[in-house]
Every structure is written in structure tokens, then in C-alpha cells.
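Please look through the structure below together with the notes that follow. They take up a few selected places, one after another.

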Amino acid sequence: MDQVVDNKTQQTLNFVGGEYRPSSSNKTFENINPIDGSVASIVHEADKSDVDAAVKAAKAAMAGEWGKMPMAKRLDLIGKLADGINARFDEFLAAEVADTGKPNSLASHIDIPRGAANFQVFADTMKSHHGEFFKMDTPDGTGAINYTSERPKGVIGVICPWNLPLLLMTWKVGPAMACGNAVVVKPSEETPQTATLLGEVMNEVGIPKGVYNVINGFGPDSAGEYLTQHPDVDAITFTGETVTGEAIMKEAAVGMRDVSFELGGKNAGLIFADCDMDKAIEGTLRSAFANCGQVCLNTEKLLVERPIFDEFVTRLKEGVENMKVGLPTDKDTDMGPLVSHGHRDKVLSYYEAAVKEGATVVTGGGVPDMGEDLNGGAWIEPTIWTDLADDASPVTDEIFGPCCHIRPFDTEEEAIELANNTEYGLATSIWTENLTRAHRVAPQIDVGITWVNCWFLRDLRTPFGGAKQSGIGREGGEYSLEFYLETSNICVKL
Ligand code: NAD
Ligand code: 6OD
């Protein structure tokens, strides 16, 4: 079979050893379109034998053509994957939108182009990558030299979330393949289509069979867990919730497999009275509500210096009330639905908790009436709260929805303390026109990524990852290569 989704039956198959295969156990589940609740595709759930076949195919690729391929040819093929995705841009866009419900305008600006660019960027990074050399003295005066030697780690298990499915998957698969590894990808059960479709591009470009494999399914007692438990998986890279990271880490401990984790966050936006208010409002509308609030870097906790607090709340409210919640295909849509009804239940439980815990609901707080055709979707109102206590659950927990709490502060020290008052440490955004202040505050926030007067502005060479419970390791440029390569030192006595 060489089609991912047959339009008559809409099947999403597994991709193993360069071929599309139904699940060996014939177990399937429905992939629900969050726009209207319709079935986007029927997904074949990989069982243990499918996962084993995928890992075996990856191992065979490492032992065969892929493992022996000259680096220049390998990187050339990986660069072609970017072209291959772009050549089928509309298909990737349609699949991503059907799985996530995100606006076409967003997916066509971020998800698909970045999903493609991740291959070219890491092929280029690998081309200019070099090892280290040290010359040392020895007591007999002849000396010795040391140089690093690098090889791929082997078979990499890649476990992905649903919020930016293609982008976050290729952010791992791109560097893993550039370093010469083979991968077995487990996309989120909510968003299996683009990872699966990518198999076709792998074949079109001529990536050897078994280098890229996709197994569909869930986490516990399903494809995700079977993959992390497989003894021939040499390292695991994961993006998702912190609690899932903890479960995966336990499995990775068996056999001492390396892990790279990008996890949850509860990110603060710090808005100082000396900010450019227009830019801070525009930036915060994005940082709190883009992708329906489902970006790990989102600022759900806004801290605003007291002299501008009222104006900021009023203007953010106006901005939110002007946002259009609607169909992904409408050009003026700012926000689609949440990814699923299950996730909407979780977000709505925080909407209820906020009210119970004493919030003033500035705007939103419920489910919009989208009309008969769309009310089966996972729609939700963008929401702003004020007046919650610092220990109220909507202020402490990662909600991952289109909502934020705004709290006033009086001093820089107080803002820093409030921003750091969380077990997470992923990202922050600071808004101030006083650059001395920006440089003073930024290093004091215990996170992996700090933006000043911007948000989600990405240079892909920079370290990306979280402090505290937001992750282990860094991705991006050379940082990714560090994870996907096994480095050894060779010492030669002269
Ligand atoms: P999730 O942890 O529920 O699921 C992520 C993936 O892990 C899915 O493919 C799932 O099937 C799989 N999985 C679940 N349990 C597993 C297990 N026991 N063993 C193996 N695999 C398992 O996360 P999600 O709901 O898909 O994504 C949202 C979360 O991801 C949020 O917490 C968000 O902050 C985080 N996230 C972080 C980043 C980052 O860069 N730090 C980026 C995007 C999302
Ligand atoms: O831009 C990226 O490379 C990246 N990893 C973004 C993560 C977004 C989280 O939802």
C-alpha cells in the first residue's frame, strides 16, 4: 500500500520499513476533527509486534545502506526532504488543520514551513559541524594528541505531542537523521496524519527503507510505552507533559538510555510601566492566545506593573474581544477550536475553578455558540481573569488553553519572584523600553528561553529547552547534534 489516507476509507496506517501497513492486531481508533467532531481518519494502532518491526527496520537501516552512506549524500537527501514537504505543502496543510483545527493562516506560516525548514537547517548545521582537538605534553617530551570522534547513537525513539505536530516532530527527526540515526516516531494519537504522510516524502526523496518509521497509537499500554520499553531503542527524545516525561524516564532508566525532554511550562509575561504599550498588547495577544493557547511557550501568567495595570487589562480585553474565533479556512480567523473534547473538558475545569477560587472574569469563560454545523467541535472562548490568589490553581497549573490571569506588581524584585514562583522553567517574555532593566531582569528568571519585547522569535541555532520541571537538555543547532551523536575521545601518544 502506498497511500496514507485512502479517501474512501480514510485510513491512517503505520509506516514501517518504507511501507504503509495496517496494525497487526487490526485495532483502530478514530481521529476526530476538532472543528466539527467528524472523523478525520481511522488510525491503525500499532501493537507490540508492529513496534518491534519498526525498531528492527530502523536497526537494519543503520546496519545497511544508511549506516554506510557518505555524509554528503545523506545531508543532500535530508535537504531534499524540505523541498519534498514544500512541494506537497497543501496536503500537509490540510492534514495538519484537519487534525488540530488551527487556522490555515497559522499553519501555513508556522507549522508547515518550519516543519520543512527543520530538515534543511539541520543538514546545514551538520555540514559545518566539527569536533575538537587537544595537544598535550607528556613526561617523556613526545606529547600526545586528542581528538573527538562521533558516531550516530543508533535507533532513536521520537515521541511527539499534538500542538505543533509536524514542526515539533521534524525538530527532532531532522537533527537525528542529519547525525546518521534511524528513527521510530510515535506521533500524538490526536494528530497522526502529517507524520504518517511524511513517509511518502521519505520514499519520494530516496531515503533508504527503515530510516524513518511511524507507529501510531496511545501512550500507556500502547505504541508509546512499547517503544520506550524496547531494548533496541538507543535514546528517546520526547516533547509533552512533565508527568509523561517522568513515566518515560523510568523506562529509559532500563538499559541507561539517554533522554532529551521538552516538557510543560507555566510561563510569565512581565509587563513594565516603561514598555511600549502597543507592542506589549500586540505581543501578549499572541503569547497568550496563539494556537488557541496551545503553545508550550504561552504566557498564561501576566504580571503588569501597577501604574499601567488598568489600561493593560482594558486594552487586552478589547484585543481579545476583537479576535475572531472561527473556521480555519476563513482568512480573518484568529483562533480555531481546542484540539479535542477531552482537552476542552480539562480547560473548562480551570474556567470553573477560576470562578470558584474568586476570579473576576474580565472576558470569556465559556463555550461559544458556533452554530449547528460546528457546535460538535471543541470550541472555547478566549478568557482573561484578574483577582486570583497566587496559589489558585489557574495561576499555578499549566492549563494549555486560550486564557491568562493578570496580576499587578509594584517592584522589579516582586515581579521576578512571582515569575519564578512555579515548578516549571520554560520561557518568559519581558516588555520594557529600558534595556538596562531588561538585561538585569532576564538572567534572574529561572527559565530556558527569555524573550525581550517579542515572543516566539526563533533563531534555530540557539539553545531551546526548559529549566526545572520543563525539560532535560537543549535542542537547536549544535545542541541537538550533541544529543544525537555519541562522542568519544581518541588519545594518541606521539
Ligand atoms: P502528552 O505528554 O500527553 O503526550 C505526548 C506524547 O506522549 C503523545 O504522543 C502520547 O501518546 C505519548 N505518551 C503519553 N504517555 C506515554 C507513556 N507513558 N509512554 C510513552 N509515550 C506516552 O502531551 P500532549 O498533551 O500531547 O502535549 C501537551 C503538553 O506538551 C503540554 O504539557 C505542553 O507544555 C507540552 N509541550 C512542551 C513543549 C516544549 O518544547 N517544552 C512543546 C510542545 C508541547
Ligand atoms: O520553535 C521550536 O523549535 C519549538 N520547539 C517550539 C515549541 C513550541 C511549543 O509548543
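## A residue in the interior

In this predicted model, Thr194 touches Phe92, Ala95, Glu96, Asp99, Pro165 and Leu166, when residues up to four places away in sequence are not counted. Thr194 is found in helix α7, which covers residues 193-205. The relative accessible area of Thr194 is 1%, and because anything under 20% is classed as buried, Thr194 is described as buried.

## Salt bridges around helix α11

The number of salt bridges counted in the model comes to 26. One of them is formed by the side chains of Asp278 and Arg315, with a distance of 2.6 Å from N to O. This pair links distant parts of the chain, since Asp278 belongs to helix α10 (residues 277-289) and Arg315 to helix α11 (residues 309-321), with the two positions 37 residues apart in sequence. Arg315 is partly exposed, having a relative accessible area of 26%.

Helix α11 also holds a salt bridge between Glu321 and Lys317, whose closest N and O atoms are 3.2 Å apart. Both residues lie in that helix, 4 residues apart, which is about one turn of the helix. Glu321 is partly exposed at a relative accessible area of 45%, and Lys317 likewise counts as partly exposed, at 29%.

## A further pair and a network

Asp330 and Lys324 are also joined through their side chains, in a salt bridge of 3.2 Å from N to O. Asp330 counts as partly exposed with 30% relative accessibility, and Lys324 counts as partly exposed with 29%. Elsewhere, salt bridges that share partners connect Arg88, Glu91, Glu200 and Glu204 into one network.

## Patches on the surface

Which residues gather in a patch of negative charge on the surface? The patch consists of Glu132, Glu150, Glu478 and Glu482. Of these, Glu150 has its place in strand β7, which runs over residues 144-152, and Glu150 is partly exposed, with a relative accessible area of 32%.

A patch of nonpolar character is also present on the surface, where Phe133, Tyr147, Val492 and Leu494 make up an area of about 370 Å². Val492 lies in strand β23, formed by residues 485-493, and Val492 counts as partly exposed at 30% relative accessibility.

Terms used:
Residues are numbered from 1 along each chain as its sequence is written. Chains are lettered from A and ligands numbered from 1 in the order in which they are written. This is a predicted model: local features need pLDDT of at least 70, side-chain atom pairs count only at pLDDT 80 or more; totals for chains, interfaces and linings use all residues. Side-chain values use heavy atoms; hydrogens and water are left out. Patches are made of residues with over 30% relative accessible area and no salt bridge: like charges are joined within 9 Å, nonpolar side chains (Val, Leu, Ile, Met, Phe, Trp, Tyr) within 5 Å. Accessible areas come from the Shrake-Rupley method with a 1.4 Å probe; for residues, only the protein chains shown count as cover. A salt bridge is a side-chain nitrogen of Lys or Arg within 4 Å of a carboxyl oxygen of Asp or Glu. Lys and Arg count as positive and Asp and Glu as negative; His and the chain ends are not counted. The place of a charge is taken as NZ of Lys, CZ of Arg, CG of Asp or CD of Glu. Buried means under 20% relative accessible area, exposed over 50%, partly exposed in between (1.4 Å probe, protein chains only). Contact means heavy atoms within 4.5 Å.
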